[in-house]
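Q: I am new to reading protein models, and I would like a close look at one part of this one. Could you walk me through it step by step?

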Amino acid sequence: MALTPGVPIATGGSGWSRESELQVEEPVFRPDDTIRRNWNASVPIVIDGSGRSRESEHQINEPAFRPDDTIGRSQNTGIAAWTAALGAIPDAVWPRLLDLLDTTERDRAARFVFERHRRQHIAAHALKRLMLSAVGGAPPRSWTFEAVAGGKPRVGPGPGPHFNISHCDGLVACAISDDLELGVDVEPVGRKAPLHLARTYFAPEEERWLASLPAAEQPLGFFRLWTLKEAYIKATGLGLAQPLHDFAFAFDPLRVLFHDPTLGDPRLWRFEQRLVGEHLLALAWRGDGRSRSVDFREVSLETLLSDASIGV
Ligand SMILES: CC(C)(COP(=O)(O)OP(=O)(O)OC[C@H]1O[C@@H](n2cnc3c(N)ncnc32)[C@H](O)[C@@H]1OP(=O)(O)O)[C@@H](O)C(=O)NCCC(=O)NCCS
């Protein structure tokens with residue numbers, strides 16, 4: 001939920017107040033603008049350094065991850081990245097989502113000052129449980145979790161699918177894989193981008209790439225870099241303990257470059273990015289050389305709740 005405007009949010013150690021930073025008058029990317037016309041929600045698009053868009057080179061429309069398939073019984077090599085729009089959840093559904101959460105998750109939900117943060121939390125953790133059940137077979141309430149060093153939550157104790165969640169105003173996301181660590185980030189993009197933060201958070205070549213874009217495309221460029229960097233540090237599990245200048249994203253094709261050789265082989269890393277309505281999603285995982293399919297879906301939590309195969 002990084003960069004949410006207008007609300008004081010714990011910065012997770014980043015040391016800046018998102019509320020005050022976002023008051024700066026800067027160009028706003030509107031998904032209805034030019035880039036959106038080229039950005040078909042069902043097709044992954046890469047926007048290159050010139051701001052032009054084209055279809056992604058990644059083979060992600062291979063056989064999809066099918067939760068009602070045999071997943072859980074035999075290892076699935078797909079990745080699922082599902083999003084749920086908060087505005088589409090009827091009032092009557094919220095108690096049913098809350099009912100899926102365990103005591104820890106409910107206690108956290110009760111502590112939010114703002115209702116919209118409470119709803120983001122409930123929806124993200126309900127989506128996580130419903131997806132885990134779709135792929136892992138166990139009922140949604142039965143999953144237990146633990147945090148590994150760095151704070152990244154995982155299924156445990158014991159083995160389970162890998163997952164990562166992200167929540168922001170209006171949208172929650174969850175990504176799941178049987179065998180790969182992954183990270184996901186979502187951000188609303190129809191708002192001012194705090195471009196002046198580029199120097200603090202982006203590597204020098206990222207900053208230069210951003211500055212090279214036409215002014216009207218810089219807000220989206222900013223959010224592209226931001227979500228990719230977030231997805232990467234969430235995939236590694238290090239979060240903000242990972243120095244943000246030690247790695248840099250480049251486009252056309254989309255890839256990461258490492259300045260710190262201890263980070264390993266950057267060519268193993270895979271990234272996907274796409275618009276979901278007025279939000280931008282980035283997904284990161286470290287590949288193992290095998291071809292992976294990504295099942296991107298915009299799901300309804302109400303529909304998932306009534307899916308008999310999930311067993312709520
Ligand atoms: C905590 C952090 C990992 C993600 O924070 P975020 O982008 O504000 O929040 P998101 O909604 O995308 O993700 C939050 C979820 O990530 C998961 N998470 C927490 N720590 C994590 C870690 N070390 N690694 C991976 N995932 C983590 C949790 O499930 C968390 O949700 P929960 O607290 O409800 O369980 C970290 O990147 C952060 O604090 N970022 C702040 C923003 C920032 O400065 N970004 C710089 C990018 S250039």
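Q: How do the axes of helix 4 and helix 5 cross, and within what distance do they come?

A: Happy to help! Keep in mind as we go that this is a predicted model. The axes of helix 4, residues 103-111, and helix 5, residues 115-136, come within 8 Å and cross at roughly 160°. An angle over 145 degrees counts as roughly antiparallel, and helix 4 and helix 5 are therefore roughly antiparallel to each other. The crossing of these two helices is right-handed.

Now look at the side of each helix that faces its partner. Helix 4 brings Glu105, Arg108 and Ala109 to the meeting, while helix 5 brings Arg118, His121, Ile122 and His125. Sorted by class, the contact of helix 4 with helix 5 has two nonpolar, two polar and three charged residues.

Next, follow helix 5 to its other neighbours. Helix 5 lies across strand 3 (79-85), strand 6 and strand 7, and it runs at about 30° to strand 7. These strands belong to an open sheet of four strands with the order 6-7-3-13 and mixed pairing. Strand 6 and strand 13 (294-299) stand at the edges of this sheet; each has a single partner strand, so one side of each is left without a neighbour in the sheet. On average, neighbouring strands here are turned by 15° against each other, direction ignored.

You can zoom in on one pair within that sheet. Strand 6 and strand 7 (residues 171-177) run antiparallel and are joined by seven bridges. One bridge to find on screen links histidine 162 with its partner in strand 7, serine 177.

Just before strand 6 in the chain there is a small detail to look for. The loop between strand 5 (153-155) and strand 6 (162-168) holds proline 157. The peptide bond from glycine 156 to this proline is cis, with omega near 0°.

A second cis peptide bond is found elsewhere, joining aspartate 252 and proline 253, with omega about 0°. Proline 253 lies in the loop between strand 9 (247-250) and strand 10 (255-258), and aspartate 252 has its place in that loop too. Aspartate 252 also has a positive phi of about 60°, although it is not a glycine.

For a companion to the sheet beside helix 5, turn to an open sheet of three strands, with the order 8-12-11 and antiparallel pairing. Its edge strands are strand 8 (182-188) and strand 11 (269-276), each pairing on one side only. Neighbouring strands of this sheet are turned by 15° against each other on average, direction ignored. Helix 8, residues 218-236, packs on the sheet and touches strand 8, strand 11 and strand 12; the direction of helix 8 makes about 150° with that of strand 8. Within the sheet, strand 11 and strand 12 (residues 279-286) pair in the antiparallel sense over eight bridges. One of the partners to look for is histidine 279 in strand 12, bridged to valine 276.

Finally, a word about confidence. The protein averages a pLDDT of 81, and 76% of the residues score at least 70. Over residues 4-26, however, the pLDDT is below 50, and this stretch has 32 contacts in the model beyond near neighbours in sequence. Residues 32-74 also have a pLDDT below 50, with 73 contacts beyond near neighbours in sequence. Where pLDDT is low, the predicted coordinates should not be read in detail.

Notes: Residues numbered from 1 in each chain as written. Predicted model: local features only at pLDDT ≥ 70, side-chain atom pairs only at ≥ 80, totals over all residues. pLDDT = per-residue confidence, 0-100. Contact = placed C-beta atoms within 7 Å. Pairing = 2+ DSSP bridges. Axes fitted to C-alpha atoms, helices over the stretch in contact; angles between N-to-C directions. Parallel < 35°, antiparallel > 145°, perpendicular 65-115°, else oblique. Left-handed = near helix turned anticlockwise from the far one by under 90°. Nonpolar A, V, L, I, M, F, W, Y, C, P; charged D, E, K, R; others polar.
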